[in-house]
Amino acid sequence: MSAERPGISPLQSRIPFRVRRILSWIALAAIVIVVWFFVGRDLWRDYKITREEERAAEDSTPIGYVGLHYRRTYNNRPSRFIVEREGRRLLWAAMDDKNLPTIYFDITGAAFDPTLNLSGGFGMDSIVGIDYPIFQGVDTTLGRHFPPRKEVFGMESGDGPRAFPLDLLLKAEVVNDEETGVPFAVVVSRGTGRAETYTRILDGRSLSLGTTGYQSEVRPLLYDRRTRSLWLPGKDQLDCVAGPLQGKSLPTYKPLVKTTWAAWTGDHPRTSVLVGTDREPPIPAE
């Protein structure tokens, strides 16, 4: 008669050790599932909600960008935006600040229909635009203040890599920038969050682009300061759709990479980042 192992019942002694081990794991898994069902799910849901709230708070942390206050009041607007005068069709641009005649864009024979899908009407240069961009490094106060998940557009440049924060671009719509003396513009469409760069050289002269306060089919309607012609982003270029330069276009300049601040600085630790505009100089005349 064989002796039984101490602490093991006769029934257990007849069950192979491997089977007992499997049964133990099954019992443990069942306990875990029950605990998860009654307790763990709620804890995990609460954790995810808390984490999402923390990330939302981090992403919405206000950044003190420089010089981004609006130039004109949104309340100084006309009752009619499109008028006909002396055989010309005119689109309201702005109330003059010096009690001079109201400013209009000439849209006679325009390549777009301003009566369709045109929104806004806040006035020329009411949206801030950026004419004299200010860049800072990663280790500056603003650079260290950016949350890691902040969306930016990165660009490789002969002057060193640079980043354009998406939320800043959405406020400005257009950035008049230059690289190694070559003028280019960064333009963002509010409706899509898509940004492109375009050269600002036309017929050997540099153009300065400003905001009209209008949007056409979620694309920003811009103007150039020299001729007050109107421009819309096209497929591969910035197209002049009204005014003396109608039919001209500005080609794309360099590709932008949409990424996060953490990813961009990880790959480009010596990058500079756009933090605002210098408002001391006047708006360019051309």
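T180 sits in the loop that links β8 (174-179) to β9 (182-189), and its phi is near 45°, a positive value in a residue other than glycine. This is a predicted model, so please read the backbone angles and contacts here in that light. A search of the whole structure finds 13 salt bridges, and several of them are introduced below, along with a three-stranded sheet and a nonpolar surface patch.

**Backbone angles that stand out**

- Most residues other than glycine have a negative phi.
- Against that background, T180 has a positive phi near 45°.
- D125 is another residue to look at: phi is positive here too, at about 65°, although D125 is not a glycine.
- You will find D125 in the loop between β4 (118-120) and β5 (133-137).
- With a relative accessible area of 4%, D125 is buried, because the cut-off for that class is under 20%.

**A network of salt bridges around D125**

- D125 also takes part in a network of salt bridges, together with D131 and R225.
- D125 thus brings together a positive phi of about 65°, a buried position and a place in this network.

**Salt bridges between pairs of residues**

- K150 and D167 meet through their side chains in a salt bridge, with 2.9 Å from N to O.
- K150 belongs to the loop between α3 (141-145) and β6 (151-155), while D167 belongs to helix α4 (residues 166-172), so this pair ties together parts that are 17 residues apart in sequence.
- The two partners fall into separate accessibility classes: K150 is buried at a relative accessible area of 7%, whereas D167 is partly exposed at 27%.
- D159 and R162 form a salt bridge as well, and their closest N and O atoms are 3.4 Å apart.
- Here the acidic partner, D159, is partly exposed with a relative accessible area of 47%, and R162 is buried with 6%.
- A further salt bridge joins R194 to E196, with the closest N and O atoms 2.7 Å apart.
- E196 has a relative accessibility of 22% and counts as partly exposed, because the buried class covers values under 20%.

**The three-stranded sheet**

- Three strands make up an open sheet in the order β1-β2-β3, and their pairing is antiparallel.
- The edges are taken by β1 (82-85) and β3 (103-106); each has a single partner strand, so one side of each is left without a neighbour in the sheet.
- On average, neighbouring strands of this sheet are turned by 45° against each other, direction ignored.
- Strand β2 (residues 88-94) is joined to β3 by four bridges, and the two run antiparallel.
- For a landmark in the sheet, look at W92, which stands opposite Y104 in β3.

**A nonpolar surface patch**

- I22, L23 and I26 make a nonpolar surface patch of about 290 Å².
- L23, one of these residues, has its place in helix α2 (residues 17-59).
- L23 is partly exposed, with a relative accessible area of 48%; that value clears the bar for patch members, because they need over 30%.

Definitions and conventions. Residues are numbered from 1 along each chain as its sequence is written. This is a predicted model: local features need pLDDT of at least 70, side-chain atom pairs count only at pLDDT 80 or more; totals for chains, interfaces and linings use all residues. Side-chain values use heavy atoms; hydrogens and water are left out. Two strands pair if DSSP finds at least two bridges between them. Axes are lines fitted to C-alpha atoms, for helices over the stretch in contact, and angles run from 0 to 180 degrees between N-to-C directions. A salt bridge is a side-chain nitrogen of Lys or Arg within 4 Å of a carboxyl oxygen of Asp or Glu. Buried means under 20% relative accessible area, exposed over 50%, partly exposed in between (1.4 Å probe, protein chains only). Patches are made of residues with over 30% relative accessible area and no salt bridge: like charges are joined within 9 Å, nonpolar side chains (Val, Leu, Ile, Met, Phe, Trp, Tyr) within 5 Å. Accessible areas come from the Shrake-Rupley method with a 1.4 Å probe; for residues, only the protein chains shown count as cover.
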